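Notebook open, structure loaded. I want to jot down what I look up as I go, starting with the overall layout and working towards the details.

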Amino acid sequence: MPFLLKKLLIILFLNSLITFNSYSNENNRVSLLILDKSASTKYILNFNDRISFRDITFELVTCEESIFDKYIDKIALIKIHQKDDVFIGWFFKYTNELNLYSNKIYEITLKECTIDN
């Protein structure tokens, strides 16, 4: 039960971040590392709003800094469109194990999430 409560609190916290900072997205900038597993090649995408890469479109919703026990992690909420599939989720710079997006061909890693005020 405490695990579910902790998970719910994290979801509510992240949801509040979206609504609080959704109006200041024009100053945010993100850098993604794309690993094409089929060709063993790497690509770096830098964008602040939306970018297309092959058959995938990435849309930056917001960038944030999240304070954990011992470090500050940069996180980005990104919407990914691929054909008829849409994924929206958080990408973490330092805690990659929390990234939930999976694809047979591409591995996506957050390299940087810059918040300009």
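Entry 1, element order. I read the elements off from the N terminus and got α-β-β-β-β-β-β-β. That makes one helix and seven strands. Note to self: this is a predicted model.

Entry 2, burial. I checked how much of the protein is tucked away: of its 117 residues, 38% come out as buried.

Entry 3, the sheet. Which strands form the open sheet, and in what order? I found three of them, running β2-β1-β7, with antiparallel pairing. β2 (41-47) and β7 (106-115) sit at the edges with a single partner strand each, so one side of each has no neighbour in the sheet. I also looked up the twist, which averages 15 degrees from one strand to the next.

Entry 4, one pairing in detail. I zoomed in on β1, residues 28-36, and its pairing with β2. The two are antiparallel and share seven bridges. I picked L32 as a sample residue and looked for its bridge partner in β2, which turned out to be L45.

Entry 5, disulfide. How many disulfides are there? I count one. C63 is joined to C113, and the S to S distance is 1.9 Å. I pulled the torsion about the S-S bond too: it is -125 degrees, which makes the link between C63 and C113 left-handed. The link ties distant parts of the chain together, since C63 belongs to strand β4 (residues 56-67) and C113 to strand β7, 50 residues apart.

Entry 6, cysteine exposure. Are the two cysteines buried or exposed? The cut-off for buried is under 20% relative accessible area. C63 has 2%, so I log C63 as buried. C113 comes in at 1%, so C113 is buried as well. I note that β7 turns up twice in my entries, as an edge strand of the open sheet and as the strand that holds C113.

Entry 7, surface patch. I went looking for nonpolar surface and found a patch of about 370 Å². Which residues make it? They are F68, Y71, Y94 and L98. I followed up on L98, which lies in the loop between β6 (85-92) and β7. Why does L98 qualify for a patch? Patch residues need over 30% relative accessible area, and L98 has 39%, so I put L98 down as partly exposed.

Methods. Residues are numbered from 1 along each chain as its sequence is written. This is a predicted model: local features need pLDDT of at least 70, side-chain atom pairs count only at pLDDT 80 or more; totals for chains, interfaces and linings use all residues. Side-chain values use heavy atoms; hydrogens and water are left out. Two strands pair if DSSP finds at least two bridges between them. Helices (H or I, at least four residues) and strands (E, at least two) are DSSP runs, numbered from the N terminus. Axes are lines fitted to C-alpha atoms, for helices over the stretch in contact, and angles run from 0 to 180 degrees between N-to-C directions. Patches are made of residues with over 30% relative accessible area and no salt bridge: like charges are joined within 9 Å, nonpolar side chains (Val, Leu, Ile, Met, Phe, Trp, Tyr) within 5 Å. Accessible areas come from the Shrake-Rupley method with a 1.4 Å probe; for residues, only the protein chains shown count as cover. A salt bridge is a side-chain nitrogen of Lys or Arg within 4 Å of a carboxyl oxygen of Asp or Glu. Buried means under 20% relative accessible area, exposed over 50%, partly exposed in between (1.4 Å probe, protein chains only). A disulfide is a pair of cysteine sulfur atoms within 2.5 Å.
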